[in-house]
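Reader: I am new to reading protein models. Could you walk me through some of the words people use for them?
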Amino acid sequence: MTAAAPALSLLDRSRTRAGEPDSAALRGTVARAVEAERLGYGRFWVAEHHGVPGVAGSAPAVLLAALAHATSTIRLGSAGVMLPHHQPLVVAEQFATLSTFAPGRIDLGLGRSPGFTAAVRRALRQLDDGPDFAADVAELGAFLDGSADITLRPQPDAPIPLYVLATGSGLAVAAELGLPVVVGGPILGVASDPAPGLRALADYRRTFTPSAQQPEPRVAISLDVLVADSAAEASDLLLPEAWAMARSRTQGEFPPLEPVSAIRATPRTARQQQYLEQTAAMAIAGTPAQVQNALSELLERTGAAELVASSSTFDRDALAASDAALAALFA
């Protein structure tokens, strides 16, 4: 990548691994953030999931506090807090508190995904119709910028930028409110027809209303990016996440990551094989040269200002090596 390349960041969902306690996933997230800071990554994102066996990251604000304590320069963000699960004032208070301990390093990404299962949605008191996401985002922003009728405590020591995790209508919300977006999944059209995704991004840019935080539209793209010495090794790194996704779609449960050897020894159905291939098609995995070429095409096509690598695999050492190789491409 050239010096003008987009910013580089990591998204870590605290993926659990077969044979490990959930606490190991959270400790692994902290260790990965420390190494990401050393490698020169600009931002480290964490996520929010509830009742998912394969994900230990359920409380972004709490986890970000641990990351803030362990790091000193890298930006830290949520990708994201699922706003339908929370009151905007409480989220604003949590992130203002975080900003006290890491001023100028905290970013608040907001999403609207429902709970993974009906039981989780009931536990979260999530109604079928849900709250007005755009109104909640605007209310939260007002608490943070001091324009609400309630004075936020603590007062943030530095601005806390808002981001919208966007698919479909989320892009319209971000454009209306003048906020940057983080997009991923099918909207990128990595290995399929890119036209619908490009039209959606074009509509976001065309209808964008400048705001005090964001005078111009800004797009970050998120996808699995894995780098290894050979294409075959990179494909193996992708397999645990792809297999978890295949099992989720065919068995209804998103499981912990499994070793590649165990996955290869497990019989799979035709549908599971199809989902494996679909997940691989939506990722970028290969040698440094292959990854660089694929990323250059994707970043040029989308005009993205930031790459959010949401990579995960069972082998922590191999994941660390992939993170280092990706950072080297952007150096």
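Reader: Why is Glu306 called buried?
Author: In this predicted model, Glu306 has a relative accessible area of 1%. Buried means under 20%, so Glu306 earns the word. Arg218, with a relative accessible area of 17%, is buried too.

Reader: How do you know that Glu306 and Arg218 form a salt bridge?
Author: Their side chains come to 3.1 Å, N to O. The cut-off is 4 Å between a side-chain nitrogen of Arg and a carboxyl oxygen of Glu, so the pair counts as a salt bridge. Glu306 lies in strand 10 and Arg218 in the loop between helix 7 and strand 7, so the bridge ties together parts 88 residues apart in sequence. Both residues belong to a network of salt bridges that also links Arg43, Arg75 and Asp107.

Reader: What makes Arg38 exposed, and Glu35 partly exposed?
Author: Arg38 has 59% relative accessibility, and exposed means over 50%, so the label fits Arg38. Glu35 has a relative accessible area of 29%; that value falls between 20% and 50%, so Glu35 is partly exposed.

Reader: Why is the pair Glu35 and Arg38 called a salt bridge?
Author: Their closest N and O atoms are 2.6 Å apart, and the limit is 4 Å, so the name applies. Being three residues apart in helix 1, Glu35 and Arg38 are separated by about one helical turn.

Reader: Which parts of the chain does the pair Glu241 and Arg13 link?
Author: Glu241 forms a salt bridge with Arg13, at 3.0 Å between the closest N and O atoms. The pair links distant parts of the chain, 228 residues apart: Glu241 is in helix 8, and Arg13 in the loop between strand 1 and helix 1. Both Glu241 and Arg13 are buried.

Note on methods: Residues numbered from 1 in each chain as written. Predicted model: local features only at pLDDT ≥ 70, side-chain atom pairs only at ≥ 80, totals over all residues. Heavy atoms only, no water. Helix = DSSP H or I, 4+ residues; strand = E, 2+ residues; numbered from the N terminus. Buried < 20%, exposed > 50% of the residue type's maximum accessible area, 1.4 Å probe, protein only.
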